[in-house]
Amino acid sequence: MRGNFGVAGGDQRQLYLARSLMADGCSVRVSCLEEGSGGLPQTDLAQLAVESQYILLPLPATRDGRTLNAPLSRREIPLDDGFARLFSGKTVLGGMLGPLTASSDLWRAADCHDYYAREELVAGNACLTAEGAIGLAIQEYKGALGGARCLVTGYGRIGRALCGMLRGMGAQVDCAARKAKDLTLIRASGCRAVAYQELGDRYELIFNTVPARVLGQRVLAAQSPEGLILELASPPGGVDLEAAGRLGLRVLPAPSLPGKLSPKASGELIKEAVYNILEEQRGGLWARP
């Protein structure tokens, strides 16, 4: 048996993560994952904490700073001293752990690692997000992506992945960015680079990846109601929703796509990041299954 893991809370990604760990020969217990967990050994949190060497929390560990992110659980799990005390002395790995560890000083007694700080996971998630966004566009847009005029706002990880995938499908891709370096890289990738102040053309599809207002009244007024805008950024997003509503434009909120559309692949990415952390932290005391 290789590794003794407890998976607590989360969505479909954690279910696939648990099953993948089991397939690797690890001992796995799950808690706060009652819905859809057929075949997985369920236990209560206290027992999971006692019996597991490594505790795997969700991505993100909490959405509100008050409760564990556990949409597949039938109950709400408060983040209090009692919850933190369960994992004293344990190795805890989760995503975006800041709000969780801020909920109690007792988290100082646990060995906490944020697997979403790993570049391999963030980069992999960006590719899954771009893939999911294109899948949604194919499903929701009445035209074809091949030959379509597309705008990608932002040239971060997701923006870069989107530009490459859209170009590979034959779309005409413009990408807006602020930094001169990014504009140069956009041109080098074969896409048309546009500064935000230069935006004003009409596009059939717009993919926003920027979590700050970049698509306001002026830009939106040039768009057609027959087009589609996908909002991929976290709140507050980059689209002026009031202006879009007045103009009759269709904006499709599409946050957290990997967890919704690619949970198996996302779970595998989390597993790889966890293995990498344990290899680096434990050295010879941990061997990849």
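The exercises below, each with a worked solution, concern a predicted model.

**Exercise 1. Salt bridges**

State how many salt bridges a search of the whole structure finds, and describe the pair formed by Arg-13 and Asp-11.

Solution.
1. The search of the whole structure gives 15 salt bridges.
2. In one of them, Arg-13 pairs with Asp-11, and their closest N and O atoms are 2.9 Å apart.
3. A salt bridge requires a distance within 4 Å, from a side-chain nitrogen of Lys or Arg to a carboxyl oxygen of Asp or Glu.
4. Arg-13 has a relative accessible area of 5% and is buried.
5. Asp-11 is buried too, with a relative accessible area of 13%.

**Exercise 2. Pairs between elements**

Find which elements hold Glu-119 and Arg-157, and which hold Asp-174 and Arg-192.

Solution.
1. Glu-119 and Arg-157 form a salt bridge, with the closest N and O atoms 2.8 Å apart.
2. Because Glu-119 lies in helix α5 (residues 119-140) and Arg-157 in helix α6 (residues 157-168), the pair ties together parts that are 38 residues apart in sequence.
3. Glu-119 is partly exposed at 43% relative accessibility, and Arg-157 is partly exposed at 37%.
4. A salt bridge also joins Asp-174 to Arg-192, where the closest N and O atoms are 2.6 Å apart.
5. Asp-174 sits in strand β7 (residues 172-176) and Arg-192 in strand β8 (residues 192-194), so the pair links distant parts of the chain, 18 residues apart.
6. Asp-174 is buried, its relative accessible area being 5%, whereas Arg-192 is partly exposed at 42%.
7. Through shared partners, salt bridges join Asp-174 and Arg-192 with Arg-149 and Asp-201 into one network.

**Exercise 3. The nonpolar cores**

Identify the residues of the largest nonpolar core that touch the most other members, and say which elements supply the core.

Solution.
1. This core has 31 residues, and those touching the most other members are Leu-162, Leu-166, Leu-205, Phe-207 and Leu-230.
2. At least two residues of the core come from each of α5, β6 (149-153), α6, β7, α7 (180-188), β9 (205-208) and β10 (228-231).
3. Helix α5 gives the most, with five residues.
4. Take Leu-205 and leave aside its neighbours within four places in sequence: its contacts are Ala-137, Tyr-141, Leu-145, Ala-148, Arg-149, Cys-150, Leu-151, Leu-228 and Leu-230.
5. Another core lies apart from the largest one; it has 24 residues, among them Leu-17, Leu-33, Leu-40 and Leu-56.

**Exercise 4. Cysteines**

Explain why neither Cys-32 nor Cys-150 is bonded to its closest cysteine.

Solution.
1. A disulfide is a covalent bond between the sulfur atoms of two cysteines.
2. The two sulfur atoms must be within 2.5 Å.
3. For Cys-32 the closest cysteine sulfur belongs to Cys-112 and is 17 Å away, so the two are too far apart for a bond.
4. For Cys-150 the closest cysteine sulfur is that of Cys-163, at 9.7 Å, which is also too far for a bond.
5. Both cysteines are buried: Cys-32 has 2% relative accessibility, and Cys-150 has 0%.
6. The search of the whole structure finds zero disulfides.

**Exercise 5. Helix α1**

Check the span of helix α1 (residues 12-23), then list its buried residues and what covers them.

Solution.
1. The expected span is 1.5 Å times one less than the number of residues.
2. Helix α1 has 12 residues and should therefore span 16 Å; its end C-alpha atoms are 17 Å apart, which agrees.
3. The buried residues of α1 are Arg-13, Gln-14, Leu-15, Leu-17, Ala-18, Ser-20 and Leu-21.
4. Their cover includes β1 (4-8), β2 (27-31), β3 (54-56), α10 (257-261) and α11 (263-282).
5. After α1 comes Gly-25, with a positive phi near 90°.

**Exercise 6. Backbone details**

Locate Pro-60, Pro-236, Cys-32 and Ser-256, and describe the backbone at each.

Solution.
1. Pro-60 is in the loop between β3 and α3 (81-86), and the peptide bond from Leu-59 to Pro-60 is cis, with omega near -10°.
2. Pro-236 is in the loop between β10 and α9 (241-246), and the peptide bond from Pro-235 to Pro-236 is cis, with omega near 10°.
3. Cys-32 belongs to the loop between β2 and α2 (45-51); though not a glycine, Cys-32 has a positive phi of about 60°.
4. Ser-256, in the loop between β11 (251-253) and α10, is not a glycine either and has a positive phi of about 55°.
5. Ser-256 is partly exposed, with a relative accessible area of 38%.

Notes. Residues numbered from 1 in each chain as written. Predicted model: local features only at pLDDT ≥ 70, side-chain atom pairs only at ≥ 80, totals over all residues. Heavy atoms only, no water. Buried < 20%, exposed > 50% of the residue type's maximum accessible area, 1.4 Å probe, protein only. Helix = DSSP H or I, 4+ residues; strand = E, 2+ residues; numbered from the N terminus. Core = buried A, V, L, I, M, F, W, Y, C linked by side-chain atoms within 4.5 Å. Contact = heavy atoms within 4.5 Å.
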